[in-house]
Amino acid sequence: MSQTGFHAGQADGPDPIIVARDVRQSFGVPGTPGHVVALQDSSLSVHAGELVCLIGPSGCGKSSLLNIIGGLARPTSGEVLVKGRPVNGPMPKDIAFVFQESTLFPWLDVIDNIKTGLEFQGVDRAQLEDRAIEALKVVGMLDFRNHLPRQLSGGMKQRVQLARALSLDTDIILMDEPFAALDEQTRMVLGEDISVLLARSHKTIVFVTHSLVEAVFLADRVATFTARPGRIKSIIEVDEPHPRSREFMTSEKLSVLRNELYELLHDEVRRTMESAERPMAQAFA
Amino acid sequence: MTTTRTNIAPNDVGAVSGASRLRLTTRLQNSPAALRAGIILLALLGWEIAARLWGNPLFMAPPSDVAVAFVGLVGNGAVMLAVWNVLVACFLAFVLSVALGLLIGVPLGLNAFLRDALYPMVLLLYAVPQSPFLPLLTIAFGTGIEPKIAYGFTHGIFPIIVTVVGGVQNIDRRLVVAAQSMGASRAQILRRIVLPVLTQSLFSGMRLAMAAVVLGVMLAELFVSAGGVGYFTKMFSNRFEPENLFALLVMLALIAITLNESCRQVERHYTKWRENG
Amino acid sequence: MIARRIAIHAVQAGLVFALLALWWWITATGQVHPFVLPPPMAVLDRLGKLLASGTFWSPLSITMWEFGVSFVTATLLGLVFGFLISRRRLVVRTFDPLLAALYSVPMVLLLPLFVLTFGVGVGSKIALGFVVAFFPVVLSTTTAFLTVDASLQRAALSMGASQSQLFVRVLLPASLPMVLSGMRIALITSLLSILGAETIASLGGLGHEIFARVEYMQTAEMYAYLAITVIVAMMINGLALWIDAWGRRKFS
């Protein structure tokens with residue numbers, strides 16, 4: 001860990017590692033009642049080693065964008081390039097996911113969960129044990145390696161999911177509201193861990209969240225969305241080196257940024273609450 | 001400490017490109033009912049052709065013959081009497097099940113001691129397989145309509161007891177506490193809270209009980225071949241008249257479907273206020 | 001609250017004892033013809049003789065054979081069909097209401113047809129057992145595969161799982177509890193239908209023995225066979241319940 005911390009934006013190369021161009025996702029046939037636009041034409045570039053947060057009201061399409069970037073969903077129009085190559089489906093060697101709900105397999109214990117993920121990726125049998133153990137060490141869950149998911153608390157389950165994503169050793173990690181089901185204190189502590197991780201590993205992270213404070217604390221840039229049909233409204237930069245400390249959490253700098261986010265999002269949230277339709281659930285091919 | 005912000009102007013959102021003609025497959029996809037009807041028609045057609053071409057007339061009858069036989073049976077007084085008795089048996093067994101089921105279930109539900117003592121025995125009885133007891137029916141009840149009512153009753157009473165006891169137990173204690181805090185008497189609590197919840201569970205139980213009663217009555221009918229429907233199934237079998245046999249079974253199946261479906265509708269109607277059904 | 005527990009067991013024991021006493025009293029005082037209800041000692045005597053002589057094995061094995069063949073084939077076919085149906089939403093929406101409507105018809109109604117076609121031997125019982133077991137397995141398998149947590153599948157795909165890996169490592173274990181539940185229901189309804197069918201029209205099997213004993217006026221023996229049948233059926237049911245509970249514990 002360097003003394004001066006790690007600044008995102010000091011890109012490893014001139015080209016962004018993720019490029020999304022005019023991505024749009026809609027369902028149903030236009031003109032018919034079933035037609036829904038989940039995501040309006042949105043563009044985003046993410047540089048290597050950055051942590052970008054996507055934040056916005058429910059149904060604004062931020063999760064859709066994340067899933068499209070990760071190859072779990074197909075856009076209706078537009079394209080996404082990861083490391084210069086177009087995204088046509090999951091890219092397990094380059095992108096790892098952490099989901100909001102627990103996607104740990106309930107019939108496997110912690111270490112088998114991680115080893116199964118590695119097997120899916122295609123890792124050699126001989127390396128499974130070591131890589132799983134290494135990843136559990138990083139998140140501090142090694143002692144629980146033979147526990148079953150139902151024996152773990154919410155925070156612990158998310159740490160295991162994070163370990164699974166880390167074990168896959170991808171350059172990019174996409175996180176869809178990973179801490180939403182946890183209480184605020186746990187969220188804050190885990191947020192600090194993510195920041196430390198970022199400083200050490202220089203991975204690229206795209207993080208979807210509802211929490212204003214979480215977004216400012218973690219991100220190098222925050223993309224705010226409009227109400228549905230959503231698109232990216234503004235991008236705010238947070239100029240603060242990683243790993244971010246508890247002092248930053250209570251600093252005035254963070255407060256100012258948080259207030260700015262609030263201003264941007266307030267009207268959008270109102271609009272979402274007042275709209276008669278309920279946001280449509282995400283669908284996957 | 002300046003913040004850097006970039007605003008992004010909304011793009012012009014044009015119409016989605018692509019053909020908007022609805023193809024036949026899309027139309028079909030939107031109507032499983034049509035697909036279902038089509039499949040049923042195809043199945044009937046296939047049956048008709050298979051029966052006529054390869055079917056042994058001793059065992060198999062094409063749907064057209066069955067339909068004709070059906071009409072014939074409707075005109076046959078003796079057969080219709082037997083079918084009518086099936087309905088009567090179902091109805092009587094059902095009423096008996098509900099009445100005695102409530103008589104046993106309500107006290108068990110309300111009184112914890114009785115429940116802890118007797119309910120396990122009820123459940124044990126419920127778990128006993130009833131079909132080996134068929135021969136016992138004729139010994140005990142003869143060969144009229146009585147064994148069928150009895151057998152329907154023994155099948156139907158248990159779902160009533162189980163759902164009533166379960167329903168009373170599931171009354172949200174908080175509702176009772178809230179009522180008590182407002183000064184409700186025991187009678188008021190019984191009438192205003194217990195009774196509605198009880199009625200709820202009763203309707204669910206009635207649907208299950210009807211299905212069980214129908215099963216019991218049908219089994220008894222088939223077993224007792226001295227009279228009733230079982231007499232005719234035996235006769236049509238012995239005479240190798242598959243079209244009559246099939247028509248009779250279709251008639252019984254329709255009764256079963258109608259009785260079950262009506263109970264389901266009644267249950268749906270009266271349990272609308274439940275949040276999770 | 002020990003006193004309460006003692007009171008509960010006292011009531012239960014008392015009830016059982018009262019019923020047995022009633023049985024003994026009815027037959028001893030001739031309230032009921034011994035043909036309808038033999039005295040308890042007579043039944044116990046016959047039961048003992050039956051168990052000792054082993055004559056019950058023959059009908060038991062016939063019943064078990066009918067049950068085994070029909071259940072295994074129904075399960076295998078039901079699993080395959082259930083899985084295939086679950087793959088296409090359209091197929092599900094088309095067939096599900098059909099299957100549900102058919103399900104509300106007691107399948108025993110098909111017995112006369114099967115007897116007509118296959119005769120009074122094991123064939124008709126196997127056919128009935130098959131049909132009765134098939135529907136619950138198909139229905140529960142379809143639902144099981146449909147309701148496998150979509151997020152589990154998404155996670156597996158995001159990590160690079162192939163279609164076969166997805167099926168074997170995710171879909172199968174995730175759907176197992178519900179599939180086992182369906183199999184349990186299929187098992188018990190199938191066994192009961194076969195036993196019932198054996199009493200109605202059969203040449204062998206436990207149900208037939210019960211019926212035949214009535215025909216030969218050997219009521220005490222009938223009750224003995226009844227007891228054996230009930231015990232065997234409840235043992236099998238208990239085993240099924242245990243497997244069902246195990247599946248739910250291990251895989252969900």
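**Chain B, the cores and a helix pair**

Of the 277 residues that make up chain B, 40% count as buried. The model is a predicted one, and chain B makes a handy place to start. Its secondary structure comes to eleven helices and one strand. Read from the N terminus, the order of the elements in chain B is β-α-α-α-α-α-α-α-α-α-α-α, so the strand leads and the helices follow, by the DSSP runs used here. As for how the chain folds back on itself, 75% of the chain B contacts with a separation of 6 or more join residues 24 or more positions apart. On the outside, chain B exposes about 15,300 Å², and 66% of that comes from carbon and sulfur atoms.

Next come the nonpolar cores. In soluble globular proteins, nonpolar side chains tend to be buried together. Here, the largest nonpolar core has 97 residues, and A:Ile18, A:Leu51, A:Leu54 and A:Val80 are the ones with the most contacts inside it. Leaving aside residues up to four places away in sequence, A:Leu51 touches A:Ile194, A:Leu198, A:Ile205, A:Phe207, A:Leu218, A:Ala219, A:Asp220 and A:Arg221. Another core, of 47 residues, lies apart from the largest one, and its members include C:Leu99, C:Phe114, C:Leu187 and C:Ile210.

Chain C also offers a helix pair to look at. Helix H3 (residues 57-86) of chain C packs against helix H6 (residues 122-146) of chain C at an angle of about 30°, and their axes are 6 Å apart. The crossing of H3(C) with H6(C) is right-handed. Sorted by class, the residues in this contact are 19 nonpolar, nine polar and two charged.

Terms used: Residues are numbered from 1 along each chain as its sequence is written. Chains are lettered from A and ligands numbered from 1 in the order in which they are written. This is a predicted model: local features need pLDDT of at least 70, side-chain atom pairs count only at pLDDT 80 or more; totals for chains, interfaces and linings use all residues. Side-chain values use heavy atoms; hydrogens and water are left out. A nonpolar core is a set of buried Ala, Val, Leu, Ile, Met, Phe, Trp, Tyr and Cys residues joined through side-chain atoms within 4.5 Å. Buried means under 20% relative accessible area, exposed over 50%, partly exposed in between (1.4 Å probe, protein chains only). Contact means heavy atoms within 4.5 Å. Helices (H or I, at least four residues) and strands (E, at least two) are DSSP runs, numbered from the N terminus. Accessible areas come from the Shrake-Rupley method with a 1.4 Å probe; for residues, only the protein chains shown count as cover. Axes are lines fitted to C-alpha atoms, for helices over the stretch in contact, and angles run from 0 to 180 degrees between N-to-C directions. A crossing is left-handed if the near helix is turned anticlockwise from the far one by less than a right angle, and right-handed if clockwise. Ala, Val, Leu, Ile, Met, Phe, Trp, Tyr, Cys and Pro count as nonpolar, Asp, Glu, Lys and Arg as charged, and the others, Gly among them, as polar.
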